[in-house]
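User: Hey, I've got a new model open and want to talk through a few bits of it. Can you help?

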Amino acid sequence: MGLRQIAARWTRQPPTTLPVDRDDFHRLPQVLAELGVDVPPFDPRPLSTADSNLRRWLAELRVAVHDAGAAVVIEPPEPELVELLRALAQHVDPHNEALLLRLLGALTGGVFRGPHTFHLDVANACNVNCKYCWFHSPLSKNRKDIADFGSEWRQEMVAWDTFAALVDDLAELGTTEDILLSGKGEPLLHPRCLEMVAYIKARGLGTTLFSNGVLVREEARQALVEHGCDLLYVSLSSASHPVYEAIHPGHPGQELDEVLDNVRALTELKRSRGRSTPRVMMVDVLCNSNAHEALAFYEQARAIGAEHVRFQLQHVQDYSRELQLRADQVEPLRAAIAEAQRRADAGGPTIVDNIHYQLETLDVATGRWGHARTPDEGCYVGWTFSRSWTNGDVSFCCSPKVVDSLRDKRFGAIWTGPDYSAFRNAARYLQANGAVTFRNGAPLLGDHCAGCPNYEGVGKLAGDLERYGLSRFVRGRDGERLRATDG
């Protein structure tokens, strides 16, 4: 099933009477535009009076229809939609408007806010060669698609104009929480990476920088603190010279000391200036080369002043299977993580709780984790996350699923456009619509979904539906399919 089928319902001629139901009310401006009636989109804010806002908006639409002489009747809102808006209104507080707007989108198929996180690939080049990396590992030569990552690809960096326009659009869409500067390589290799941090923060938006830490030298440290970068991820995965050299073939163990010195100097600079940011997240990607160092890695992070530690089980691929955890390493690793958690609870750096889920779902035989969870649930990534590659392609999620390109359109037009809407609505019913394909031919439900890299963000929104008592509005994955597929 292709995108054309998904969008069929939305592009057909409207009936004389337009229902205002939960799944279609936000499309009324698009439908009326086909009749030459120009009306604004629905803005549910303030959410405390969302149902009244809806009725007022519908009244404005009826006036516009009358003035245009269109033979259209807009019905009163259906009770389920009103009930949903009133349920949302009961949970409004000064801090959760963005979240509630995304929940409203997930329950209706509309989009009322930009993504919580935008992952921007800045550069493909890298100055290290982590063996667990999907792109720069010496093992990646065995990837079936390695020809796609040649010398031209490695030199690719996001253009400044593309970056600035994207950030401006995200600001307009209300993505205040996090613009994540990363890449398939090291973002600090982009000559204007630190300017990017400054530009994002000048727009009042949150930002995270991913790095291997080698280039977090004095200029970078000064800029990150001065501009107020919110969070710095340092992917290190080593607590000794031998392990560093094993994970980074050809790189001397002393490079580990350089990274540790860089982070220590950053935390000291923050203290000297009375700043709390950037908070530092030390990342340990666990494989059979470093699993025995998990507790030492935690203490190393504490010693250099990091606020957080993220343990991450390696995503085992066929070409990197030689790094898979051995069966005899799993229980000692569980014990080490448990001890690190006890130390965190006693006042040490916090541990991101992703590792507990990953260990709980780990299949020791295959080295994979997370299987049999994400594919069985509706996916709400279309309301919480988006990503673009260095070439401007906009991806639906971490996996390469191309929706459109920033070379052709502004992000604001892509995010609110019909193609993105079709994909995010298809993902609400992942099993029913898994064969839907993206611009690059990737299926909506693919192998990456089983070990979804973004399961935390997707799972949080699903959990928030429960927390706010809104799960009763979630449609069953088998009983309710996208009505667009009827055509």
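Analyst: Sure. One term before we start: helix angles under 35 degrees count as roughly parallel, over 145 as roughly antiparallel, 65 to 115 as roughly perpendicular and the rest as oblique. Also keep in mind that this is a predicted model.

User: OK, then how do the axes of H3 and H4 cross?

Analyst: Helix H3 (residues 50-68) and helix H4 (residues 79-89) have axes that come within 7 Å and cross at roughly 135°. That angle falls in none of the named ranges, so H3 and H4 are oblique to each other.

User: Which residues meet there?

Analyst: From H3 you have Ala-50, Asp-51, Leu-54 and Arg-55, and they meet Leu-81, Val-82, Leu-85 and Arg-86 in H4. Sorted by type, the residues of this contact are five nonpolar, no polar and three charged.

User: Switching to cysteines. How many disulfides are there?

Analyst: The count is zero disulfides.

User: Why is Cys-193 too far for a bond?

Analyst: Because the closest cysteine sulfur, in Cys-229, is 8.7 Å from the sulfur of Cys-193, and a disulfide needs the two sulfurs within 2.5 Å. Cys-398 is in no disulfide either: its nearest cysteine sulfur, that of Cys-397, is 6.4 Å away.

User: Is Cys-193 buried or exposed?

Analyst: Cys-193 is buried, at 1% relative accessibility. In space, its C-alpha is 9.3 Å from that of Ala-123, although the two are 70 residues apart in sequence.

User: Where is Ala-123 found?

Analyst: Ala-123 is in the loop between S3 and helix H6 (151-154). It counts as buried, with 0% relative accessibility. Beyond its neighbours within four places in sequence, its contacts include Glu-156, Met-157, Lys-184, His-190 and Thr-390.

User: You mentioned S3. What does the sheet look like?

Analyst: It's an open sheet of ten strands with mixed pairing, in the order S9-S8-S7-S6-S5-S4-S3-S10-S11-S12. The edge strands, S9 (350-351) and S12 (402-405), each pair on one side only.

User: How many bridges join S3 to S4?

Analyst: Five bridges join strand S3 (residues 117-121) to strand S4 (residues 178-182), and the two run parallel. Thr-117 stands opposite Asp-178 in S4.

User: Last one: Gln-341. Is it buried or exposed?

Analyst: Gln-341 has a relative accessible area of 19%. The cut-off for buried is under 20%, so Gln-341 counts as buried. You'll find Gln-341 in helix H13 (residues 327-345). Leaving aside neighbours within four places in sequence, Gln-341 is in contact with Ile-351 and His-356.

Notes: Residues numbered from 1 in each chain as written. Predicted model: local features only at pLDDT ≥ 70, side-chain atom pairs only at ≥ 80, totals over all residues. Heavy atoms only, no water. Buried < 20%, exposed > 50% of the residue type's maximum accessible area, 1.4 Å probe, protein only. Helix = DSSP H or I, 4+ residues; strand = E, 2+ residues; numbered from the N terminus. Contact = heavy atoms within 4.5 Å. Pairing = 2+ DSSP bridges. Axes fitted to C-alpha atoms, helices over the stretch in contact; angles between N-to-C directions. Nonpolar A, V, L, I, M, F, W, Y, C, P; charged D, E, K, R; others polar.
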